[in-house]
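I am opening my notebook for a fresh look at a protein model. Come along and check each entry against the picture as you read.

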Amino acid sequence: METWEEVAFTAELGNNSQVPILSLTMEFPIWASKRWAFLLNVARSQNSQMRAVAGIVQSWGWRRVAVIYEEVTLTTAGIFPHLIDALRKINSEVEILLPIPSFPSDNSLIESLEKLKRSQCRVFIVHTSLHLASSIFMEAKNLGMVDKGFVWIATTRITNQIESLNSSMISSMQGLIGIKSYFSHMGKSYQEFHSRFRTLFSKLYPNESNLEPGIFALQAYDGAWALAQAMYGTTNRKVEENLKNHVPIISKSGKWLLDRILQSSFKGLTGDFSFVDGYLVPVNIFRLINVVGKSYRELGFWSEGLGFSKDITKGSNYNKSMIIMGNVFWPGGPRSAPMGWKVPSNPIPLKIGVPANSTFREFVNVVDNGSGNEPQVHGFSMDVFNAVRELLPYDMPCEFIPVKGSYDSLIETV
C-alpha cells in the first residue's frame, strides 16, 4: 500500500482483527500508529529531505519560496512544519502555499499557475504525485514558466519515479533540481536481488524498457523480509531453510507477530532495517539530480549533518553549499543561478530618510536647490550607498527625504 487512503482503510481492518498491517507510504502521520496499533510503516520517512531543500535554497541565497502541493490528504501537510522550520533556520520563508487537487481541470490548473506567475517569487518547490506533477510541468511550460529566471525543485514523490516519464514529459522539466531517495547499488544482496528482479520483471512485462528496480520495490522487499524473519526465524539461513520447507514458526497472536517485526534488525536493501519507538529509522542521505535533455544527470548527494558532496565515499569533501557539486543546468539554459524573484516592472521607490542638518557634512550633506526642486544629497556615506546600489543585479530606485531635527526624530519619522 502506497497511498494514504489505502493505508487508512486497511489499517482499520487490521486493527479490528489484530493483524499487523505493513504500509509503504512515505508520508506517515505521527498520530497514525497511535490510532492503529497494528499499523507499521516499512517505508522510511522522507521528512529530512526538507532540510536538503533548505540547503539548496541557502546555497543560492534565495529568501522566499512557493510550495505547490497536492490537496488530497492531511498527510501531505505533514511536510510543512519540517520545511518551514528548515527554511527559518536559514532566514528564508514560504511566501506562497498553492494547493492543487489531484485531478484539476485544465482551466483551474492554468488559473493557479498564472496566479503564481504574477507573484514576484520565482522559486517553486513541487510536492505532488507524479501524475499531477506531469500536468503541472506541461502547463507551466506552455505558460513560459520553465524558462530563464525560474527555479523548480521536486521532492522524492516525483523524482523517485522519474524514469517512467516519456520524453515529452521530461522536456517540460528542463532545469529542474530533484531530490531522490538513495540506496546503495553495491553489495552482494543488492546484486542478487537486482539480477532476479530484472529476470522476473522482463518475463512479466516483456514490452517494458525500464527493468531497473526502484526504491518502492526495495522497500517492499525489505518489508517482506522483515515479515519472513518474524514468522520463520531470526537469521537469514534459518529464514531460507524454513521458507523452503514451508515450516513457519506458528504465530501465537497478532500482537506476538507485531512485536517480532518491531524487533527486526538487519541490513536491508534500503539500509539498516530496525525500528526506534515504533518507527523505521529514517534516511539521512539523498541524491540530487538535474533534468537535462532526454533524461537527468547526477549532481551529487546531501547527507544529514554534513551537507552536499560529489560522492559519499570515505574521505569525501562536504560543504553546506551545493555549489561544490559544480554547474547546474537551470530552466532556460543559463549557467548563472536565477535571482529567485521577479523584479517589478514599475517598482515603488524606496524612501530613505537622511539628516537635513548633519553635524558631519563630509558624510552626509543635504543641498537645497530651492524652487521646489528635489534636494541633492552628497557625502561619503551617500557615495558608499550608491556604489553598493550599482552592484545589485537589479535596479533599486530610491528617494532621499531630508528630515530636520535630531537623530532621534529621524528614527521616529522612519
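Below are my entries on cysteines, nonpolar cores and one small sheet.

**Entry 1: the model itself.** I note at the start that this is a predicted model.

**Entry 2: cysteines.** I wanted to know how many disulfides a search of the whole structure finds. The search came back with zero. As a reminder to myself, a disulfide is a covalent bond between the sulfur atoms of two cysteines. I then looked up how buried two of the cysteines are. C121 has 2% relative accessibility, so I list C121 as buried. C398 comes out at 18%, and because buried means under 20%, C398 counts as buried too.

**Entry 3: the largest nonpolar core.** Which residues touch the most other members of this core? I found I56, W62, I153, L288 and M322, out of 32 residues in the core. Next I traced where the core residues come from. Helix 3 (49-59) and helix 4 (79-88) each give at least two, and so does each of several strands, among them strand 3 (64-70), strand 5 (123-127) and strand 11 (285-292). Helix 3 makes the largest share, with six residues.

**Entry 4: another core.** Apart from that core I found another one, made of 31 residues. Its members include I100, L116, L130 and L165.

**Entry 5: around L288.** I went back to L288 and listed what it touches, leaving out residues up to four places away in sequence. The contacts include I56 and M322, along with G178, F301, W302 and F308. Charged names appear in the list as well: R297 and E298.

**Entry 6: a three-stranded sheet.** In what order do the strands of this open sheet run? I read 8-9-10, with antiparallel pairing. Strand 8 (265-268) and strand 10 (279-280) are the edges, each pairing on one side only.

**Entry 7: strands 8 and 9.** I counted four bridges between strand 8 and strand 9 (residues 271-276). The two strands form a hairpin, with two residues between them. Across the pair, K267 has D272 as its bridge partner, and G268 stands opposite G271.

**Entry 8: two faces of strand 8.** Which residues of strand 8 point to the buried face? They are F266 and G268; S265 and K267 point to the other face and are not buried.

**Entry 9: a helix across the strands.** Last, I looked at helix 10 (residues 215-232), which lies across strand 8 and strand 9. Helix 10 runs at about 150 degrees to strand 8.

Conventions. Residues numbered from 1 in each chain as written. Predicted model: local features only at pLDDT ≥ 70, side-chain atom pairs only at ≥ 80, totals over all residues. Heavy atoms only, no water. Disulfide = S-S within 2.5 Å. Buried < 20%, exposed > 50% of the residue type's maximum accessible area, 1.4 Å probe, protein only. Core = buried A, V, L, I, M, F, W, Y, C linked by side-chain atoms within 4.5 Å. Contact = heavy atoms within 4.5 Å. Pairing = 2+ DSSP bridges. Axes fitted to C-alpha atoms, helices over the stretch in contact; angles between N-to-C directions.
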